[in-house]
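User: Please take a close look at one part of this model, the helices that pack against one another towards the end of the chain. I would like the geometry, the residues in contact and the conventions behind each term.

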Amino acid sequence: ELPKDPSLLDWIKAQLPALLTDATEFNLGSLSQPRWEPTVQLATVAFLRRQALELTDPQLKLIFGPRGGGAGASKPLGAVLCDSPSRDLRRAAYDLIAVLYTKHPFFAETANTTASSEDGENDETAARRNSLRNAMRCLLLKGLADRDDEGMADDGHGGLADDRMEDDEQGESNQENQGEGATPPRGVRRTLFDFWNNSAQLSSTPLGRLTALLTELWDPSIAEQWVHYAAWLLLQLSTSCPGYGRDELWKKPLDDIVFTQLDLSNNSHSMPRPMA
């Protein structure tokens, strides 16, 4: 539970840089089965998750904006969390970022930036909003290449994006209820794929999705990963087609099929000519 003392809440928020970079590990398991985790960072991210929609503009800038300047510039705190060797911390960090990205009022499309008496201030606010949202977008895209790839071979149904990354009521019990009939475990990478594959983030039409992949889901900072996740997200539309999972593309495994070589002529005279 959150502390009741407002002054303590203010103190925690004021100490965010120190708390979010304190990677000291404590054993959360047993002596025979130790599980070392960065407890301070995990607790701080959990606190921010519960306060997500109440975080102020300066606090968002503190977490996702650049730190320092010049040669001594450091990675933003959000990037520090997403680069952690702890899978639990990366999952919690992406969970927080997804909620802020989709639900925080500062990033609402209906934000009023047209007051005639404050045009300069509103332009600055809009620029800051776009910069912070772009920083979070790039982190969520970076998660599509996370090292935890458990569940990437699943068929795409029963995704966890809505439950894990947007639903305030579910909590963490979904991770523990893995009994018979439960959704198979999903790693950090697959959870991010499910988040982006949701129709709330990407169009469910091939043309609309392709357009988004070439615009909204592209950024120079994640150029190396783009070719990998773009193809997956585009092909994932096929899982929603009627008959998916019932109709086989091939009657036999590809290993049992006899392939024949097809010689293609590259002679320019044999190639189709454009119509005049």
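Analyst: What follows starts with the conventions and the whole chain, then goes through the helix pairs and two single residues.

The model is predicted, so local features are given only where pLDDT is at least 70 and side-chain atom pairs only at pLDDT 80 or more, whereas totals for chains, interfaces and linings use all residues. Residues are numbered from 1 along each chain as its sequence is written, and side-chain values use heavy atoms, with hydrogens and water left out.

The protein chain has 12 helices and two strands, where helices are DSSP runs of H or I with at least four residues and strands are runs of E with at least two, numbered from the N terminus. Read from the N terminus, the order of elements is α-α-β-β-α-α-α-α-α-α-α-α-α-α. Of the 276 residues in the protein chain, 35% count as buried (under 20% relative accessible area with a 1.4 Å probe and protein chains only; over 50% is exposed, and partly exposed lies in between). Among contacts with a separation of 6 or more, 70% come from residues 24 or more positions apart, a contact being heavy atoms within 4.5 Å.

Helix α10 (residues 188-197) packs with helix α6 (residues 87-103) at an angle of about 15°, their axes being 10 Å apart; axes are lines fitted to C-alpha atoms, for helices over the stretch in contact, and angles run from 0 to 180 degrees between N-to-C directions. The angle makes α6 roughly parallel to α10, since angles under 35 degrees count as roughly parallel, over 145 as roughly antiparallel, 65 to 115 as roughly perpendicular and the rest as oblique. The crossing of α6 with α10 is right-handed, that is, the near helix is turned clockwise from the far one by less than a right angle, while an anticlockwise turn would be left-handed. On the α6 side the contact involves Arg 87, Arg 91, Tyr 94, Ala 98, Tyr 101 and Thr 102, which meet Val 188, Thr 191, Leu 192, Phe 195 and Trp 196 of α10. By class, these residues of α6 and α10 are seven nonpolar, two polar and two charged (Ala, Val, Leu, Ile, Met, Phe, Trp, Tyr, Cys and Pro are nonpolar, Asp, Glu, Lys and Arg charged, and the others, Gly among them, polar).

Just outside α10, Arg 186 sits in the loop between α9 (173-176) and α10. Arg 186 is buried, with a relative accessible area of 3%, and its side chain makes a polar contact of 3.0 Å with the side chain of Asp 194 (N or O atoms within 3.5 Å; within protein, one must be able to donate a hydrogen and the other to accept it, and residues adjacent in sequence count only if both atoms are side-chain atoms).

With α12, the axis of α10 comes within 11 Å and crosses at roughly 55°, so α10 and α12 are oblique to each other. Arg 190, Phe 193, Trp 196 and Asn 197 of α10 make this contact with Tyr 229, Trp 232 and Leu 233 of α12.

Helix α11 (residues 206-214) packs with α12 at about 165°, with axes 10 Å apart, which makes α11 roughly antiparallel to α12. Here Pro 206, Arg 209, Leu 210, Leu 213 and Leu 214 of α11 meet Trp 226, Ala 230, Leu 233 and Leu 234 of α12, and the classes are eight nonpolar, no polar and one charged.

Ser 238, in the segment after α12 (223-235), is partly exposed at 36% relative accessible area. A polar atom of the Ser 238 side chain lies 2.7 Å from the backbone oxygen of Leu 235.
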